[in-house]
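Here is a friendly walk through some local features of this chain, from helix packing to backbone geometry. Have the coordinates open as you read.

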Amino acid sequence: MGDQRLRMADLLAALSVATDLGMGRPPEKAIRSCLLATGLARALDRPDAQVRAVYLASLVRHVGCTATAALEARIYGGDELASRRAAEPADFGDSREMLAMTFGIGRGAGPRRPFLVAQAVAGDVRHGKTIFRSICDAASLLAGRLGLGQEVQNSLYQQFERWDGKGAPLGLARDEITLTARISEVATQAVLAHQAGGPDAAVAKIDQRAGGWFDPLVAEVFRRHGPGLLREIDAGDPWEAVLAAEPSPVWHIAASDLDRVARCFADMVDLKSTYTLGHSTEVADLAEGAARSLGLAEREVEDLRRAALLHDLGRVGVSSAVWEKAGHLTRGEREQIRLHGYHTERILACSRVLEPLGRIAGLHHERLDGSGYHHGVAAPAIGTSARILAAADAFQTATQDRPHRPARRPEEAAESLIAEGAAGRLDLDCVRAVVAAAGQQTTATRMTWPSGLTDREVEVLRLVARGLSNKEIATRLVIARRTAEHHVQHVYTKIGCSTRAGAALFAMEHDLLRGRPGLTMR
């Protein structure tokens, strides 16, 4: 890509499809919400700076969607994508709607369903606060890393607040909530209602909940302008429209900044499970090292590194109930997993800049003998970059814990990959290059940690990021529970967040999940 300048809106619009899938929605829900919210902000005669904040906040509204996916799947008894489809349009201030939501809990769980419903209802308040706070924390942190601005960060942290003060996580009311968040919420709910029942249904929903859920002023503006905006969005190509709607000046980034954007979305994907924290970044490091040792051109190395960072985007479209399952997978569950490479490829195809990366990333589970997925292609259709990525992904995955097996030692992973190469499934030269790259990753002793963390606090941070409770941390480190609690609070204070999701994102951003304090690490 050289010194080419890239349009940030093009990247975010494409990557927003991953968040659509993560919410159990079809593609384009985010960009349609963005178009409506931007139109409402302009109808309110807001200054360009606020219109821009509304545009960006609505486009990436659900960037924190992976923060609690596994927790929701566990609490609500299965497919969190299905439960989110039911929960997102529900009025949490209406007890009847909340009761109706319980009918979808635990479907397919057989005799366990009554227990799951009772568990969800009993823990709704406690779990709800944790879920809202974690999603908001993750969304705000990722928006900061993307450089979207403080107004967008604040709006994303307030996305579940209500005009009447009955929202979460802060219980803000009225003008305590940013106008950006209030506009975005009306637009999001209006689009959902419109997709379910047309413009009349959207107007009715916003009208009925004005003054409770929604800001009355924004609701009134939607009543006057919303139906026309929705018809305009339906009549055109939303992909062209979302770029045309971007407030001036158009935001361009240097090609080199694409790494930062890709890294943010890599961490968003890996946040979906405590088993995959740091996976995409480590795969990218291995792939880059192997590519350089094999003599690939610099442009090919750059594309491969970025494709590796984004290779698992499609994971968000598969329920955590499948990814977290320790037992035997059904045929249907295996088919869902096989689709995640397809989802990755299609997400990246939504951007002219990212589409070439998708042609590499979408092949990361292909095998030279044709036994891989999702295309099922053989050696002639798999280029060198895709072969390297397949080997890097297989090696890194083997060295991380998974629900159905413990992590393998690097030596064991290397032996397994070499056997796959000898059997003609992986490229043996690429396997050897990846193994060599893995052996070079522990090179320097790290003497200091970010945010003033101590060695012990880094150990604690890693355990918090992986979902351990204070009691489990105490047991693991052989310390008193009260001591563990103090350590956890000190860590949260130093890194500036208060949720496991925030701790995990901090750990991934600063490469704190590899190695141990006091030992050599990258």
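## Where α3 meets α9

In this predicted model, Gln50, Ala53, Leu56 and Ala57 of helix α3 make contact with Glu151, Val152, Ser155 and Leu156 of helix α9. Sorted by class, the residues of this contact are five nonpolar, two polar and one charged.

How do the two helices cross? α3 covers residues 48-59 and α9 covers residues 150-157; their axes come within 9 Å and cross at roughly 50 degrees. An angle of that kind falls in neither the parallel, the antiparallel nor the perpendicular range, so α3 and α9 are oblique to each other. The crossing of this pair, α3 and α9, is right-handed.

## Ser58, also in α3

Helix α3 also holds Ser58. Is Ser58 buried or exposed? Its relative accessible area is 3%, under the 20% limit, and Ser58 is therefore buried.

Which residues does Ser58 touch, once those up to four places away in sequence are set aside? They are Ala30, Ser33, Cys34, Ala37 and Ser184. For a pair far along the chain, take Ser58 and Ala187: they are 129 residues apart in sequence, and their C-alpha atoms are separated by 8.3 Å.

## The α10 and α11 pair

Helix α10 (residues 179-197) packs with helix α11 (residues 199-209) at an angle of about 140 degrees, and the two axes are 7 Å apart. Because roughly antiparallel requires an angle over 145 degrees, α10 counts as oblique to α11. The crossing of α10 and α11 is right-handed.

On the α10 side, the residues in contact are Val186, Gln189, Ala190, Ala193, His194 and Gly197; on the α11 side they are Pro199, Ala201, Ala202, Lys205 and Ile206. This contact of α10 with α11 divides into seven nonpolar, three polar and one charged residues.

## Two more buried positions

Ala13 sits in helix α1, residues 8-22. With a relative accessibility of 2%, Ala13 counts as buried. Leaving out residues up to four places away in sequence, Ala13 touches Ile31, Leu59, Trp239 and Val242. From Ala13 to Thr66 there are 53 residues in sequence, and the C-alpha to C-alpha distance is 18 Å.

Arg305 belongs to helix α16, which spans residues 298-310. Is this arginine, Arg305, buried or exposed? At 14% relative accessibility, Arg305 counts as buried. Beyond its neighbours within four places in sequence, Arg305 is in contact with Asp259, Ala284, Glu288 and Arg292.

## A mostly covered helix

Helix α24 (residues 455-465) is mostly covered, with eight of its 11 residues buried. Which residues of α24 are the buried ones? They are Glu457, Val458, Val460, Leu461, Arg462, Leu463, Val464 and Ala465. Just after α24 comes Gly467, which takes a positive phi of about 90 degrees.

## Cysteines

How many disulfides are there? The count is zero. Cys264 is in no disulfide, and the nearest cysteine sulfur, which belongs to Cys65, lies 14 Å away. That distance is beyond the 2.5 Å cut-off for a sulfur pair.

Cys264 has a relative accessibility of 3% and so counts as buried. Cys430 also counts as buried, at 3% relative accessibility.

## Backbone geometry to look at

Most residues other than glycine have a negative phi, and most peptide bonds are trans. With that in mind, here are some spots to inspect.

The peptide bond from Ala168 to Pro169 is cis, with omega near 5 degrees; Pro169 lies in the loop between α9 and α10. Another cis peptide bond joins Ser248 and Pro249, where omega is about -5 degrees. Pro249 lies in the loop between α13 (238-244) and β2 (252-254).

Asp45 is not a glycine, yet its phi is positive, at about 60 degrees. Asp45 is found in the loop between α2 (29-43) and α3, and at 65% relative accessibility Asp45 counts as exposed. Val478, again not a glycine, has a positive phi of about 55 degrees. The loop between α25 (470-477) and α26 (481-495) holds Val478, and with a relative accessible area of 72% Val478 is exposed.

Note on methods: Residues are numbered from 1 along each chain as its sequence is written. This is a predicted model: local features need pLDDT of at least 70, side-chain atom pairs count only at pLDDT 80 or more; totals for chains, interfaces and linings use all residues. Side-chain values use heavy atoms; hydrogens and water are left out. Axes are lines fitted to C-alpha atoms, for helices over the stretch in contact, and angles run from 0 to 180 degrees between N-to-C directions. Helices (H or I, at least four residues) and strands (E, at least two) are DSSP runs, numbered from the N terminus. Angles under 35 degrees count as roughly parallel, over 145 as roughly antiparallel, 65 to 115 as roughly perpendicular and the rest as oblique. A crossing is left-handed if the near helix is turned anticlockwise from the far one by less than a right angle, and right-handed if clockwise. Contact means heavy atoms within 4.5 Å. Ala, Val, Leu, Ile, Met, Phe, Trp, Tyr, Cys and Pro count as nonpolar, Asp, Glu, Lys and Arg as charged, and the others, Gly among them, as polar. Buried means under 20% relative accessible area, exposed over 50%, partly exposed in between (1.4 Å probe, protein chains only).
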